[in-house]
Amino acid sequence: MDAGSDMMSPEKSGRRGARPPLREAGLTPSMPPLHEPGSRPRPYMPSLCSTPRNPAVKCYGDRFIPDRSAMDMDMAHYLLTEPRKDRKNGATPSPAKEAYRKLLAEKLLNNCTRILAFRNKPPEPDNSILTELRADVASVQARPAKKRRYIPQSADRTLDAPDLVDDYYLNLLDWGSANVLSIALGNTVYLWDAASGSTSELVTVDEDDGPVTSVSWAPDGQNIAIGLNSSAVQIWDSSSNRLLRTLQGVHESRVGSLAWNKSILTAGGMDGKIVNNDVRIRDHAVQTYRGHSQEVCGLKWSGSGRQLASGGNDNLLHIWDVSMASSTQSAGRTQWLHRMEDHSAAVKALAWCPFQSNLLASGGGANDRCIKFWNTHTGACLNSVDTGSQVCALLWNKNDRELLSSHGFTQNQLTLWKYPSMAKMAELNGHTSRVLFMAQSPDGCTVASAAADETLRFWNVFSEAPKSAVKEKTSQSRMFNSYNHLR
């Protein structure tokens with residue numbers, strides 16, 4: 001400790017002009033103000049009780065001193081000595097003597113049994129703290145316990161899906177914003193209307209172009225993109241079953257993954273290339289992302305549309321930032337923002353968190369079996385959970401902090417996890433082969449799963465949105481109804 005570290009500054013002493021407590025040797029300390037010379041100051045003694053409720057009552061701290069002027073000394077002497085005489089005699093008083101004593105005490109002593117008398121009654125205890133505690137306990141007990149949500153363990157509906165291609169690297173299932181489900185079975189794309197339960201055929205491609213390797217609904221829920229084994233991408237109008245456009249000359253082999261970002265259709269191919277296609281212009285290929293050496297099997301745009309996640313058969317996960325993309329309409333190379341090499345198998349399952357924009361979940365293949373969580377701003381891995389089986393698809397609950405994963409060998413199950421603890425909430429069984437694809441309904445409550453057992457199952461696994469949140473969302477949408485004509 002430095003010399004003088006115990007010295008107190010004038011600002012800390014609490015008195016203006018106060019001198020430091022340590023002085024030079026031989027000098028007497030100065031006398032505090034308002035004291036007579038030669039008198040020693042009386043040490044300060046704090047009060048032993050809180051401020052009394054009645055200012056007229058003198059507080060003596062925690063001691064109560066008897067008031068002799070209010071006591072009858074003879075009576076006190078009698079009360080102290082009479083029981084002692086009875087104990088010395090050892091004789092038990094007769095009933096008549098006991099009755100006489102009680103009568104005498106009643107008439108002469110006025111039933112006075114107190115020996116000490118006090119000037120004031122002791123203060124009543126402060127029960128405010130106890131009252132608050134009792135009120136808190138009562139409020140906790142009265143509060144209704146949160147009901148545990150019921151999760152059905154069996155599928156709500158099961159449909160046949162013959163000729164579903166058993167290929168881990170494809171994406172053959174998607175649920176559009178118009179509540180229509182699309183599924184590719186061999187060379188044909190079927191549409192299932194969730195409102196009416198009706199099924200219709202959209203298109204059957206030629207043998208030279210097929211099979212269909214990916215499907216993805218546009219944000220409007222009317223147009224749908226179809227990736228083909230021939231490397232072409234077709235865009236169809238589902239309301240009129242009309243081919244709108246074919247995108248060619250971009251990839252060299254099949255297109256296994258598709259993702260929309262407004263009017264930009266991003267396609268990932270077996271050649272490892274990722275291409276942004278602007279479907280509004282003639283020369284549609286506007287950017288190319290090069291970072292994978294093998295097939296791109298997972299593509300997902302973030303909710304804000306600012307970041308793109310891509311997973312490949314080369315066990316790599318890339319995060320691409322749209323601000324780093326080339327602004328020129330060319331196939332120029334764009335550098336990734338983050339490159340993750342933690343997975344030890346193909347990365348197909350990707351899901352952006354709906355309540356935290358920079359949180360991404362990714363799932364690895366059979367040799368990895370892990371679900372990993374990433375901070376896409378920093379590229380750091382936040383957590384990794386070994387699921388014990390191949391992770392085929394991932395979906396976040398839109399209304400709660402939950403994550404659903406679909407798996408392959410050995411159980412071929414769907415697992416519901418609580419985030420961030422990653423505690424298992426439920427395991428949904430029914431498929432007899434690996435659950436390759438999952439899609440979520442627009443309201444976020446129902447999940448469709450397609451497996452290699454050629455069945456399509458619907459699960460009511462996610463909770464509904466709170467009524468207050470639905471009302472708030474509806475009111476906000478009504479506020480801007482008059483501005484729908486603005487671009």
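Thr410 is located in the loop that runs between strand E24 (402-407) and strand E25 (414-418). In this predicted model, a cis peptide bond links Phe409 to Thr410, with omega at about 20°. A second cis peptide bond leads from Gly210 to Pro211, where omega is near 5°. Pro211 belongs to the loop between strand E5 (199-204) and E6.

**Backbone features in loops**

Most peptide bonds are trans, and most residues other than glycine have a negative phi. Asp163 is not a glycine, yet its phi is positive, at about 65°. This residue sits in the loop between E1 and E2. Because its relative accessibility is 55%, and the cut-off for exposed is over 50%, Asp163 counts as exposed.

Arg369, also a residue other than glycine, has a positive phi near 65°. Its place is the loop between strand E20 (359-364) and strand E21 (370-375). With a relative accessible area of 30%, Arg369 is partly exposed. A positive phi near 60° is likewise found at Lys262, in the hairpin of E10 and E11. The table gathers these backbone angles.

| Site | Angle | Location |
|---|---|---|
| Gly210 to Pro211 | omega near 5° | Pro211: loop between E5 and E6 |
| Phe409 and Thr410 | omega about 20° | Thr410: loop between E24 and E25 |
| Asp163 | phi about 65° | loop between E1 and E2 |
| Arg369 | phi near 65° | loop between E20 and E21 |
| Lys262 | phi near 60° | hairpin of E10 and E11 |

**Overall composition**

The protein chain contains 5 helices and 29 strands. It has 487 residues, of which 40% count as buried. Among contacts in the chain with a separation of 6 or more, 47% are between residues 24 or more positions apart.

**The sheet containing E1**

An open sheet is formed by 4 strands, in the order E1-E29-E28-E27, with antiparallel pairing. Its edge strands are strand E1 (157-160) and strand E27 (435-440), each of which pairs on one side only. From one strand to the next, the twist averages 20°. E1 pairs with strand E29 (residues 455-459) in the antiparallel sense, through 4 bridges. Within this pairing, Asp160 stands opposite Thr455 of E29.

**The hairpin of E10 and E11**

E10 and strand E11 (residues 264-269) are paired in the antiparallel sense over 6 bridges. One residue of the pairing, Ser257, has Gly268 in E11 as its bridge partner. The hairpin has 2 residues between the strands. E10 is mostly covered, with 7 of its 7 residues buried.

**The largest pocket**

The largest pocket holds about 1500 Å³ of space. It is lined by 46 residues, and those closest to its centre are Asp174, Trp175, Lys300, Trp301 and Leu395. By class, the lining comprises 27 nonpolar, 14 polar and 5 charged residues.

Several strands contribute to this lining. At least two residues each come from strand E2 (173-175), strand E6 (212-217), strand E10 (255-261), strand E14 (296-301), strand E19 (347-352), strand E23 (391-396) and E27. Two of these contributors also appear in the sections above: E27 is an edge strand of the open sheet, and E10 pairs with E11.

Notes: Residues are numbered from 1 along each chain as its sequence is written. This is a predicted model: local features need pLDDT of at least 70, side-chain atom pairs count only at pLDDT 80 or more; totals for chains, interfaces and linings use all residues. Side-chain values use heavy atoms; hydrogens and water are left out. Two strands pair if DSSP finds at least two bridges between them. Axes are lines fitted to C-alpha atoms, for helices over the stretch in contact, and angles run from 0 to 180 degrees between N-to-C directions. On a 1 Å grid over the protein atoms alone, a cavity is a set of points where a 1.4 Å probe fits but cannot get out, and a pocket is an open set with protein on both sides within 12 Å along at least five of seven lines; lining residues have an atom within 4 Å of a point. Grid points are joined across faces, edges and corners, and a volume is the space filled by probe spheres set on the points. Ala, Val, Leu, Ile, Met, Phe, Trp, Tyr, Cys and Pro count as nonpolar, Asp, Glu, Lys and Arg as charged, and the others, Gly among them, as polar. Buried means under 20% relative accessible area, exposed over 50%, partly exposed in between (1.4 Å probe, protein chains only). Contact means heavy atoms within 4.5 Å.
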